[in-house]
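I opened my notebook to keep track of what I looked up today. Here is the structure I had on screen.

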Amino acid sequence: MGIKLLKQKTDCRQVRRLYLLGNPNVGKSTVFNAMTGLKQHTGNWSGKTVDAAMGKYTYNGTEYILTDLPGTHSVLSGFSEESVVSGEMESAARGSVTLILADASALKRGVALALEFIEEARGGAVLCINFCDIAAEKGIEIDFRRLSALLGIPVIGITAKRGADIKRLKAMIDGEFEKIAADISCETEITSPGARLKKADKITEECVSVPIREKRGAALKIDKILTSAAVGIPVMIIFLGAILWLTIRGANYPSELLSRLFGFLKPYIAAMFDYLPLPRFIQGIVMDGVYDTVTWIIAVMLPPMAIFFPLFTLLEDAGFLPRIAFNLDKCYARCGMSGKQCLTQCMGLGCNAVGVCGCRIMPGEKQRAVAVITNSFMPCNGRFAILISLSAIFVGGTVPGGAGGFVPMLCVLALICLSAAATWAVSGILTKTLFKDNTQTFALELPEYRRPEIIKTLGVSLVSRTLRIVGRALLVSAPTGAAVWLLANITFGGAPILTHISHFFDPLGRFLGVDGFIILAFILSLPANEITLPILIMSYTAAGSMADAGNLETLRRVFEANGWTIVTAVNMMLLTLFHWPCATTLMTIYHETKSRCILALSFITPCLVGMILCLFVKCSSILLKLIV
Amino acid sequence: METEQKNVVFPLNRLPIDAQAVICGISEKAGGKAELLINMGFVPGERVTPVFSSPAGDPTAYLLGGCFTVALRHAEAENILVTEERYGN
Ligand SMILES: Nc1nc2c(ncn2[C@@H]2O[C@H](COP(=O)(O)OP(=O)(O)OP(=O)(O)O)[C@@H](O)[C@H]2O)c(=O)[nH]1
Ligand SMILES: [Mg+2]
């Protein structure tokens, strides 16, 4: 069971073990982060965490090792992600304490889980009632002391986002750890889930004041509208369109500014080389190879990522994603899949490696395999920025006044819809041939809407996700930039080596309606998709430098000088959507599935789809020309 | 249990939106699906209300036990047997 110790270095003083158990989406990861200071991903939907993660903290000189578990409805059941939980719980030794997290607004379910845990008697337990802020808003009052007496375990009410509450929780654990860990009542006999729930119902009825139903009524009305036949799907598309538009419009200004800044700085930095006793080609590698690639990625790729990621996280935190899955489920049902695949695709939109991990929420091995294979159809953030640049240059540019963001937005939106359609088509084929399986249960939890914490969400998703991804891209791009510059500048038989290699790929490229340089750029960007465009630009501008290619207008001239037409641009975008997954994703796929067959399929399937679509576009453009 | 002759048992997917019912059990047809449904909380005695359907009409969201919303497809919901009997015998 791949458990990662998120913070290393465990010295063997007194170490106490804690586990975080609870229904899905009750804030386990939020509590985990608050206690350990780590950054497990959180989100308002069930199944955000799919693997156990460990972290540690020290309180009063005692070290605590805390394990964050995926959400579960039952301690020992054997369903997909829940088997991680039962596995962990089996090994939870006596002498450990499990924090059973519960949602104050759905206390009954938490109490039922606590009852099951007590029956199983696997160490001490504390019932932590989270979301006390929301419960207070709803007018729910809980008698913690009474609840504790009835359950026979300590009960504490917290709001995971409040630092003071986390301190209180830590103090309570520290003070009573030994007592709690030793206090395992074994008298209770094993009951059925039904009996347990009834008992939980009785207990909560005694301890919880009758909640006011008004709040729920408002949320229900929103849900009824967002899932109605007339409004549901258009609203989803408008939301996505709005985010895309904000991304495209918003990214323009910082992009422009950054590329000007880097262009301005370059001569000064280059001048420093004159003072250093280095051969000229070193300056070429560093300035025209590494510097240009790296700054290009920062200027062109970073702004759209830094806008799209946080906005999307806000939707996620509000609880919108499961509603999308709910609305589209019928399409997935037709392909023999569960609507939960939609959630894995949404995560793929951020990063395909994360999406592939998320496929654990799929019911059954076969659906999971199909979801893994098709995940890379969704453009990850790196490829997303390529699509945005290309559609701004070629599609926005061809329509008068269209460059303002609206036309490129429609173009990217259409491409995402195409990705979704391809996912359905390919999933349908796979589930009818290689991965036949009709026995799976569909059950999708719809969490309550929650007001996202805008500032915090923006900060966290910007720092922990966007910068990390860009950091990885830069790490890869620096050496690649140097290598490509060398290939472009070392001549052999009258032409740069790069040109020779791309000539080799030219027949394939021409066949697909693009050129050899484009194919080569995709091959070289296997380590990280973000570097596709910089590689391409550098190979086009060959011996020169790609200075101020950050400007979209210059970029367009570079492409057009190399024979790009609208067909080339469209096919380049199609290939961006459908080619092999990046190296990180491929490694994750193998790690997650341990199957070479699935790995191979994940590699080949998008390639095939990309080739078919490119040929289709090329042939239709030829046909159009014949007709006109 | 006392008024067996009066209470009709029918599958959950036939319950209209916003109507309330009480779960009697899971039908035997469910086979392997039963375990997940039971773990989710579809156990005898629970109140259940269909609250809204998706645009295509198929999965329907059910409010279970007054505090937990979960969407099921017709194929799942028809395995859950309910009755309009009052809650709490
Ligand atoms: N208002 C409020 N929101 C909270 C609180 N605790 C957590 N949240 C939010 O609830 C959502 C779910 O939190 P997670 O920590 O991802 O839940 P989880 O239990 O780890 O979920 P799974 O991993 O899917 O089982 C997130 O959007 C959190 O920001 C709280 O005390 N108050
Ligand atoms: Mg979690």
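My entries follow, one topic at a time.

**Before starting.** I reminded myself that this is a predicted model.

**Entry: the magnesium ion.** Which protein atoms are the donors of the magnesium ion (ligand 2)? I found OG of Ser29(A) and OG1 of Thr49(A), lying 1.9 to 2.0 Å from the ion. Next I checked where the two residues sit in the chain. Ser29(A) belongs to helix α1 (residues 28–36) of chain A, while Thr49(A) is in the loop between α1 and β3 (53–59), and the two are 20 residues apart. I then asked whether Ser29(A) is buried or exposed. Ser29(A) has a relative accessible area of 8%, and since buried means under 20%, Ser29(A) is buried. Thr49(A) is buried as well, at 12%.

**Entry: two odd backbone angles.** I went looking for residues that have a positive phi although they are not glycine. Asn25(A) is one of them, with a phi of about 65°. I located Asn25(A) in the loop between β2 (15–22) and α1 of chain A. Its relative accessible area is 15%, so Asn25(A) counts as buried. Phe131(A) also has a positive phi of about 65° without being a glycine. Phe131(A) turned up in the loop between β6 (124–130) and α4 (132–138) of chain A. At 12% relative accessibility, Phe131(A) is buried too.

**Entry: helix α6 of chain A.** I wanted to know how far apart the end C-alpha atoms of helix α6 (residues 163–182) of chain A are. They are 28 Å apart. With 20 residues at 1.5 Å a residue, the helix should span 28 Å, so the two values agree. Where does α6(A) bend? I found a bend of about 70° at Glu176(A). I also jotted down some buried residues of α6(A), among them Ile166(A), Leu169(A), Met172(A), Ile173(A) and Phe177(A). The buried residues include charged-letter names I had to look at twice, such as Asp165(A), Lys170(A) and Asp174(A).

**Entry: a nonpolar patch on the surface.** Which residues make the nonpolar surface patch of about 620 Å²? My list reads Leu508(A), Phe511(A), Phe603(A), Ile604(A), Leu608(A), Met611(A) and Ile612(A). Two elements of chain A give two or more residues each, namely α18 (497–511) and α24 (596–627). The largest share, five residues, comes from α24(A). I picked out Leu508(A), which sits in helix α18 of chain A. Leu508(A) is partly exposed, at a relative accessible area of 37%.

**Entry: a loop residue in chain A.** I stopped at Thr439(A), in the loop between α16 (406–432) and β8 (443–445) of chain A. Thr439(A) has 56% relative accessibility, so it counts as exposed. How far apart are Thr439(A) and Gly364(A) in space? From C-alpha to C-alpha I read 8.7 Å, although 75 residues separate them in sequence.

**Entry: salt bridges.** A reminder to myself: side chains of opposite charge can pair when their charged atoms come close. I counted 28 salt bridges over all chains. In one of them, the side chains of Arg450(A) and Asp103(A) meet at 4.0 Å, N to O. Arg450(A) is in the loop between β8 and α17 (454–489), and Asp103(A) is in strand β5 (residues 97–103), 347 residues apart. Arg450(A) is buried at 19%, and Asp103(A) is buried at 12%.

Another salt bridge pairs Glu46(B) with Lys108(A) at 2.8 Å, N to O. Because Glu46(B) lies in a loop of chain B, between α1 (33–40) and β3 (47–53), and Lys108(A) in helix α3 (residues 107–120) of chain A, the pair joins two chains. Both Glu46(B) and Lys108(A) are buried.

Within chain B, I found Lys33(B) bridged to Glu76(B), with the closest N and O atoms 2.9 Å apart. Lys33(B) is in helix α1 and Glu76(B) in helix α2 (residues 74–77), so the pair ties together parts that are 43 residues apart in sequence. Lys33(B) and Glu76(B) are both buried.

**Entry: chain B overall.** Chain B has two helices and six strands. From the N terminus on, I read their order as β-β-α-β-β-β-α-β. Of its 89 residues, 58% count as buried.

Key:
Residues are numbered from 1 along each chain as its sequence is written. Chains are lettered from A and ligands numbered from 1 in the order in which they are written. This is a predicted model: local features need pLDDT of at least 70, side-chain atom pairs count only at pLDDT 80 or more; totals for chains, interfaces and linings use all residues. Side-chain values use heavy atoms; hydrogens and water are left out. Donors are N, O and S atoms within 2.8 Å of the metal (3.2 Å for Na, K and Ca); water is not among the atoms, so sites may look incomplete. Helices (H or I, at least four residues) and strands (E, at least two) are DSSP runs, numbered from the N terminus. Buried means under 20% relative accessible area, exposed over 50%, partly exposed in between (1.4 Å probe, protein chains only). The expected span of a helix is 1.5 Å times one less than its number of residues. The bend at a residue is the angle between axes fitted to the seven residues ending there and the seven starting there. Patches are made of residues with over 30% relative accessible area and no salt bridge: like charges are joined within 9 Å, nonpolar side chains (Val, Leu, Ile, Met, Phe, Trp, Tyr) within 5 Å. Accessible areas come from the Shrake-Rupley method with a 1.4 Å probe; for residues, only the protein chains shown count as cover.
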